[in-house]
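Hi everyone, thanks for coming. I'll take you through one structure today, so have a look at it and then we'll go round it piece by piece.

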Amino acid sequence: MAVYTDISEIQLADFLTDYGLGALLSYKGIAEGVENSNFLLRTEAGTFILTLYEKRVNRDDLPFFVGLMEHLAERGISCPLPVHTKAGEALGELAGRPGAIFTFLEGMWTRRPTADHCRAVGRAMAGMHAAAGDFGLRRENGLSLGEWRPLFESCGDRVDEIEPGLAAAIDEELAFLEANWPADLPDGIIHADLFPDNVFFLAGELSGLIDFYFACNDLLAYDLAIGLCAWCFEADGSFNVTKGRGLIEGYASVRPLSAAEVAALPILCRGASMRFMLTRLYDWLNVPEGSFVTKKDPREYLRKLRFHRAVASAAEYGFDIDRVTQ
Ligand SMILES: Nc1ncnc2c1ncn2[C@@H]1O[C@H](COP(=O)(O)OP(=O)(O)OP(=O)(O)O)[C@@H](O)[C@H]1O
Ligand SMILES: N[C@@H](CCO)C(=O)O
């Protein structure tokens with residue numbers, strides 16, 4: 001459930017007078033998502049999303065996120081477009097929280113990704129990377145290699161409650177990642193959380209990308225690694241090479257990879273698995289029982305990490321290297 005901040009009809013109607021969206025017809029909280037409060041609004045001008053930014057989103061980052069969505073939408077990437085107030089502002093304040101109104105994207109996320117979905121996501125991810133290439137702002141990745149060990153340490157001495165020996169295994173894997181993380185790969189703005197619940201499909205076609213609140217400057221191929229982790233495993237934990245091929249070849253059909261990026265995919269996937277395992281682990285140990293937030297299982301990413309550790313070469317992800325490199 002993601003409505004942390006309650007708003008009254010009077011507050012909302014008052015907020016809307018700053019916009020040229022006509023009168024408020026109805027609104028309701030949206031249960032999905034965990035980070036921010038989202039509301040579906042109907043006004044005389046149509047349907048919109050109101051997002052109120054909660055504590056984990058740094059106010060100083062909001063111009064980056066909102067500006068990026070605007071930049072991408074202007075370049076033909078289907079993503080929510082911030083609606084400006086009559087005074088030209090994309091960011092406002094409601095109920096003591098920073099907030100913004102966005103255009104509504106039609107479509108739904110898919111609970112059962114197929115190889116075709118993966119190919120479409122690969123193409124859209126590469127299109128996003130290309131379109132963001134000339135965006136003027138930068139944002140460092142707050143969850144990159146250097147942040148993983150402090151995050152692990154902040155989990156304290158309860159890590160082995162998840163699985164005996166887990167703390168030692170994480171410590172050893174972090175040492176490997178710290179010693180071997182690639183430095184000289186192409187970088188740019190990445191989505192950094194392009195999971196199935198952040199990609200909408202309509203009538204079988206990809207209709208848009210949402211939730212840019214982890215977007216940052218980092219290695220472009222790291223986004224692809226996050227995608228391989230999030231889209232290409234089956235419920236039983238096995239990696240689906242047909243989906244892997246779809247995602248990577250879809251990506252490379254828009255932005256071919258360098259040989260160095262291909263070679264780095266296994267370690268980038270290990271890093272991506274570590275990042276999502278650690279944030280889930282932290283939440284698992286720290287979010288109180290009975291809170292509205294649905295905790296995600298860190299062990300899913302422990303299993304994915306183990307898979308990637310056993311990968312000897314990127315070819316095991318199922319694609320033809322000659323088809324994806326320039
Ligand atoms: N522009 C939009 N158009 C249509 N629906 C949207 C839009 N933005 C958000 N939503 C809806 O709100 C839900 C939550 O949005 P979002 O994923 O951005 O929230 P979040 O709290 O930041 O989530 P997360 O937990 O993934 O970080 C989405 O699953 C979707 O149903
Ligand atoms: N996509 C993340 C959560 C929200 O960013 C996860 O599945 O752990």
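Let's start with the shell around ligand 2: by class, 2 of its residues are nonpolar, 1 is polar and 3 are charged. And who are they? The residues surrounding ligand 2 are Asp-193, Phe-195, Phe-276, Thr-279, Arg-280 and Lys-296. Do keep in mind that this is a predicted model.

Okay, now the overall layout. The domain assignment splits the protein chain into domain 1, residues 9-103, and domain 2, residues 115-324. Their C-alpha centres sit 28 Å apart. Where the two meet, 17 residues of domain 1 are in contact with 17 residues of domain 2. On the domain 1 side of that meeting, the classes come out as 11 nonpolar, 3 polar and 3 charged residues.

So what about ligand 1? Each of the two domains gives at least three residues to the shell around ligand 1. There are 18 residues around this ligand, and the ones that come nearest are Glu-32, Gly-33, Val-34, Pro-80 and Asp-211. By class, that shell has 10 nonpolar, 4 polar and 4 charged residues.

Last stop, helix H8, residues 259-286. How far should its 28 residues span? At 1.5 Å a residue we expect 40 Å, and the end C-alpha atoms are 41 Å apart, so the two agree. There is a bend in H8, though: about 50° at Leu-265, with a proline, Pro-266, following within four residues.

That's my tour. Any questions, just shout!

Definitions and conventions. Residues are numbered from 1 along each chain as its sequence is written. Chains are lettered from A and ligands numbered from 1 in the order in which they are written. This is a predicted model: local features need pLDDT of at least 70, side-chain atom pairs count only at pLDDT 80 or more; totals for chains, interfaces and linings use all residues. A residue is near a molecule or strand if its C-beta atom, placed from the backbone, lies within 6 Å of it. Ala, Val, Leu, Ile, Met, Phe, Trp, Tyr, Cys and Pro count as nonpolar, Asp, Glu, Lys and Arg as charged, and the others, Gly among them, as polar. Domain bounds come from an automatic or database domain assignment. Two residues are in contact if their C-beta atoms, placed from the backbone, lie within 7 Å. Helices (H or I, at least four residues) and strands (E, at least two) are DSSP runs, numbered from the N terminus. The expected span of a helix is 1.5 Å times one less than its number of residues. The bend at a residue is the angle between axes fitted to the seven residues ending there and the seven starting there.
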